[in-house]
Amino acid sequence: RAALIGNWRALDRLSGRARAGAALKADGYGLGAREVLPALQQAGCRDFFVAHWQEAAALLDLAAPGSLAVLHGPLSDADTAFARASGVKPVINSLDQARRWLAGGGGPCDLMVDTGINRIGLAMADLGDPAVQALNIDTLHSHLAAADEASPLNAMQLARWQEARGAVPHVRASLANSAGITLGEAYHGDLTRPGLALYGGI
């Protein structure tokens, strides 16, 4: 617990003016999400990310309202209903998810934009779609594909993320994962999303 808190505080300091959140995927990367979340709250963390809806459901009694986000977004109408009832934020990853969220009543959400990882996220070409423009976006995310390498892809993704920031209204923006934090302030935005570095030391 002490090591986990120390790691988060170090990553939060490295995040500069941005605030560090925390990924709790895979049951807190095997440490137990229900143990990790209160420890990180004690350290000062206020933003938590899980991959799946069942992971969020297991943490509702521990998480502050609005502090949990589900990275895979609403895959069904049941996911939408659960999110609206619980206050868990869906991270919208596609036009289908944006439309599903709005059809179910909408509300605060996050938006993931694919700037080059080719794994998950809304295509840059879809940012102007009316469904995307109608979203109530708290945090606009993207995810770095090669932050742990001296790769030209990092600068390219940064430029695309900045373009996305100008294309859709949002409250906060987040690009840097654990390795991305070390790339410097330009990559931080308002919120960083450390994952493995929290659990394995830095």
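**Exercise 1. Count the helices and strands, then judge how compact the protein is.**

Step 1. The protein contains nine helices and ten strands. Both are DSSP runs, numbered from the N terminus: helices are H or I with at least four residues, strands are E with at least two.

Step 2. This is a predicted model: local features need pLDDT of at least 70, side-chain atom pairs count only at pLDDT 80 or more, and totals for chains, interfaces and linings use all residues. Residues are numbered from 1 along each chain as its sequence is written, and side-chain values use heavy atoms, with hydrogens and water left out.

Step 3. Take the radius of gyration over C-alpha atoms; the globule rule is 2.2 Å times the number of residues to the power 0.38. The radius is 16 Å, and the rule gives 17 Å for 202 residues, so the protein is as compact as a globular protein of that length.

Step 4. Add the box. Along the principal axes, the C-alpha atoms fill roughly 45 × 40 × 25 Å.

**Exercise 2. Describe burial and the contact pattern of the protein.**

Step 1. Set the classes: buried is under 20% relative accessible area, exposed is over 50%, and partly exposed is in between (1.4 Å probe, protein chains only). Of the 202 residues, 51% are buried.

Step 2. Contact means heavy atoms within 4.5 Å. Take contacts between residues at least 6 apart in sequence: 59% of them join residues at least 24 apart.

**Exercise 3. Find the largest nonpolar core and trace the contacts of Leu68.**

Step 1. A nonpolar core is a set of buried Ala, Val, Leu, Ile, Met, Phe, Trp, Tyr and Cys residues joined through side-chain atoms within 4.5 Å. The largest one has 45 residues. Leu24, Leu40, Phe48, Leu68, Leu111, Leu135 and Leu198 have the most contacts inside it.

Step 2. Helix 3 (residues 33-43) supplies the largest share of this core, six residues.

Step 3. Skip residues up to four places away in sequence. Leu68 then touches Phe48, Val50, Ala56, Leu59, Ala63, Val88 and Lys89.

**Exercise 4. Place Asp47 and state its burial.**

Step 1. Asp47 sits in the loop between helix 3 and strand 3 (48-50).

Step 2. Its relative accessibility is 8%, so Asp47 counts as buried.

Step 3. Leave aside neighbours within four places in sequence. Asp47 contacts Gly21, Ala22, Ser67, Arg172 and Leu191.

Step 4. Check one distance. Asp47 and Ala20 are 27 residues apart in sequence, with 7.7 Å between their C-alpha atoms.

**Exercise 5. Examine phi in helix 2 at Ala26 and Tyr29.**

Step 1. Most residues other than glycine have a negative phi.

Step 2. Ala26 has a positive phi, near 55°. Ala26 belongs to helix 2 (residues 25-29). Ala26 is exposed, at 52% relative accessible area.

Step 3. Tyr29 also lies in helix 2. Phi of Tyr29 is positive too, near 50°. Tyr29 is partly exposed, at 29%.

**Exercise 6. Characterise Asn136 and Ala78.**

Step 1. Asn136 lies in strand 8 (residues 136-141). Asn136 is partly exposed, with a relative accessible area of 44%.

Step 2. Beyond residues up to four places away in sequence, Asn136 touches Gly107, Pro108 and Cys109. The C-alpha atoms of Asn136 and Leu111 are 9.4 Å apart, across 25 residues of chain.

Step 3. Ala78 is in helix 5 (residues 77-86). Ala78 is exposed, with a relative accessible area of 52%. From Ala78 to Leu198, 120 residues along the chain, the C-alpha separation is 32 Å.
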